[in-house]
Every structure is written in C-alpha cells, then in structure tokens.
Amino acid sequence: MPETMILALDTSMSAASACVSLAGADEPIASRSLPMDRGHAEALMPLVAEVMQAAPGGFPALTRVAVTIGPGSFTGIRVGVAAARAIGLAGNIPVIGVSTFSAFAAPWIGKEQGQIVACAIDARHGNVYIQAFDSNGYIVLSPRLSTPREALRAIGAGPLCLVGSGAALLAAEAQSIGSNAVICGPAGAPDIHQVARLGLIADPATAPARPYYLKPPDAKPVPIRRLRQVETNRAGLPE
C-alpha cells in the first residue's frame with residue numbers, strides 16, 4: 001500500500017503557502033510560504049511546483065490534497081480552492097477542506113489543561129469571525145460573526161489563548177473587562193504544516209473543499225479533536 005502523501009495549500013489570509021508531507025511525519029518534506037495581501041493567484045502555482053520538486057514520485061505519488069476554505073479573504077479562498085480541486089481532479093485523488101479556524105487553533109489545543117483556544121479572524125468594521133475550542137479539541141463556541149465583546153461573553157471565563165488575525169481585537173477587549181487572555185500565535189496566516197496534518201486525518205466525505213463563509217451548511221470544520229487524539233496516541237500518553 002503506498003504511503004499517504006498530501007499537498008496542502010493556503011491562500012485564505014495574508015500569505016500564499018504550499019506544503020507536501022507524509023502521514024506520520026513530524027516535519028514536512030517541503031514547505032514554502034510567502035507573506036502577501038494580494039497576488040495569491042500569481043504566487044500559488046509556482047510555490048506548488050517548488051515544493052513538489054522535493055516530493056518523492058512527484059504529483060503521481062500524491063494521495064490527497066488539503067486546502068484552507070475560510071473564513072478569510074474571499075478572493076484568496078477561491079484561488080486556493082480552485083487550485084486544489086484542479087490538482088485533485090488531475091490526479092483523481094480526494095480534496096479536503098480545512099477551516100481556517102482549525103488550522104490556526106490546532107497547534108495550541110491541549111497545550112494547557114483547562115485553557116480555551118479562541119480563533120478570531122478580523123471581519124472588519126469592529127467585528128470578528130470567531131470559534132473556540134477547549135483543551136480536548138471540543139467546540140465550546142460555534143463559528144459566528146460577532147463583536148469582540150459579544151464573543152468573550154459567549155466564551156465565558158478563561159484562561160484564553162487567542163489566535164488569528166483578530167486576536168489583538170479580542171485581547172484589547174479582554175483587557176478592558178479584566179478577562180484572562182493572551183495572544184498565543186502569529187496572526188498573519190495559519191501554519192501550512194497544520195493544514196497538512198488536519199487534511200491527513202480528515203474524512204473527505206465530511207470535509208468538502210468548498211468556500212466556508214459562515215453560512216451553513218457550506219462546510220463543517222475539520223474536527224481537530226481527532227488531531228489531538230492522534231498526537232496523544234503517537235506519544236503514548238493517556239487521552
């Protein structure tokens with residue numbers, strides 16, 4: 001049985017990124033990310049070509065493709081989804097949709113027991129797209145468009161780990177109301193390796209590669225609780 005090899009793409013935020021990785025590997029085979037607010041369409045395919053040069057067997061060896069589906073840049077999301085679908089169609093392999101929320105939050109899930117990881121994406125005009133997870137990866141706040149204050153009230157008491165492009169907005173509001181919250185990670189774009197890892201554990205039947213604009217039933221976020229379980233099992237730790 002051939003090794004599972006995935007190509008992951010992200011153009012949902014302020015970067016164009018591509019990564020090729022093997023299932024179970026701690027590090028990708030190759031990964032490239034270019035910070036940018038515009039020009040994703042022109043940058044993405046050269047990045048794909050570059051990382052695929054390092055992939056054993058090239059495109060024919062790919063067994064799946066993953067792509068961030070949003071929320072994020074409307075144009076960027078469409079660029080990434082279109083490219084992922086084209087590659088999947090050419091290779092007759094499944095294409096996985098990974099929510100930007102999950103990609104941002106995944107590295108921080110389970111870092112501290114009892115900590116809630118809240119991913120906030122700047123929706124402009126003082127609003128954020130928000131989703132929150134507990135330390136086991138369960139959703140404690142479903143995806144929604146909200147003001148920072150409404151989001152914090154809905155999440156409840158911390159401690160909170162804030163990630164995403166809207167993390168600073170939530171942090172400022174949290175400080176004003178005395179909530180225990182810290183910004184944990186970079187805001188510009190999710191780690192493309194996390195997109196690959198989530199794409200490797202997702203079921204293509206329940207994670208379609210179509211834009212996720214917070215209008216159900218567009219897409220279901222990849223259940224990152226499963227990623228936590230996979231990592232726990234690999235480390236030989238109790239769940």
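How many bridges join E6 to strand E7, and in which sense do the two run? In this predicted model, seven bridges connect E6 with E7 (residues 127-133), and the two strands run antiparallel. Within this pairing, Arg124 faces Asn127 of E7. The two strands make a hairpin with two residues between them, and His125, in the turn, has a positive phi of about 55°.

Strand E6, which spans residues 116-124, also pairs with a second strand. Its partner here is E9 (residues 160-163), and this pairing is in the parallel sense, over four bridges. One of the residue pairs can be named: Cys119 has Val163 of E9 as its bridge partner. E6 thus takes part in an antiparallel pairing with E7 and a parallel pairing with E9. Because seven of its nine residues are buried, E6 is largely enclosed by the rest of the structure.

The same strand turns up again at the largest pocket. E6 contributes four residues to the lining of this pocket, the most of any element. The pocket holds about 400 Å³ of space, and 15 residues line it. Nearest its centre lie Met13, Gly72, Ser73, Asp122 and Arg124. Arg124 is therefore a handy residue to look for on screen, since it stands opposite Asn127 in the hairpin and is also among the residues nearest the pocket centre, while E6 itself is largely enclosed. Sorted by class, the lining comprises six nonpolar, six polar and three charged residues.

Away from the pocket description, helix H6 (residues 192-201) offers another covered element. Nine of the ten residues in this helix are buried, among them Ile192, His193, Val195, Leu198 and Ile201. Gln194 and Gly199 are buried as well. At the start of H6, Asp191 places a side-chain oxygen within 2.9 Å of the backbone nitrogen of His193, and His193 is itself one of the buried residues of the helix.

A comparable side-chain to backbone contact is made by Ser99. This residue sits in the loop between strand E5 (95-98) and helix H3 (100-105). Is Ser99 buried or exposed? With a relative accessible area of 1%, Ser99 counts as buried, because that value falls under the 20% cut-off. Its side chain reaches the backbone nitrogen of Ser102 at a distance of 3.0 Å.

Terms used: Residues numbered from 1 in each chain as written. Predicted model: local features only at pLDDT ≥ 70, side-chain atom pairs only at ≥ 80, totals over all residues. Heavy atoms only, no water. Buried < 20%, exposed > 50% of the residue type's maximum accessible area, 1.4 Å probe, protein only. Polar contact = N/O pair within 3.5 Å; in protein donor to acceptor, adjacent residues only side chain to side chain. 1 Å grid on protein atoms, 1.4 Å probe; cavity = no way out; pocket = protein on both sides within 12 Å on 5 of 7 lines; lining within 4 Å. Points joined across faces, edges and corners; volume = space filled by probe spheres on them. Nonpolar A, V, L, I, M, F, W, Y, C, P; charged D, E, K, R; others polar. Pairing = 2+ DSSP bridges.
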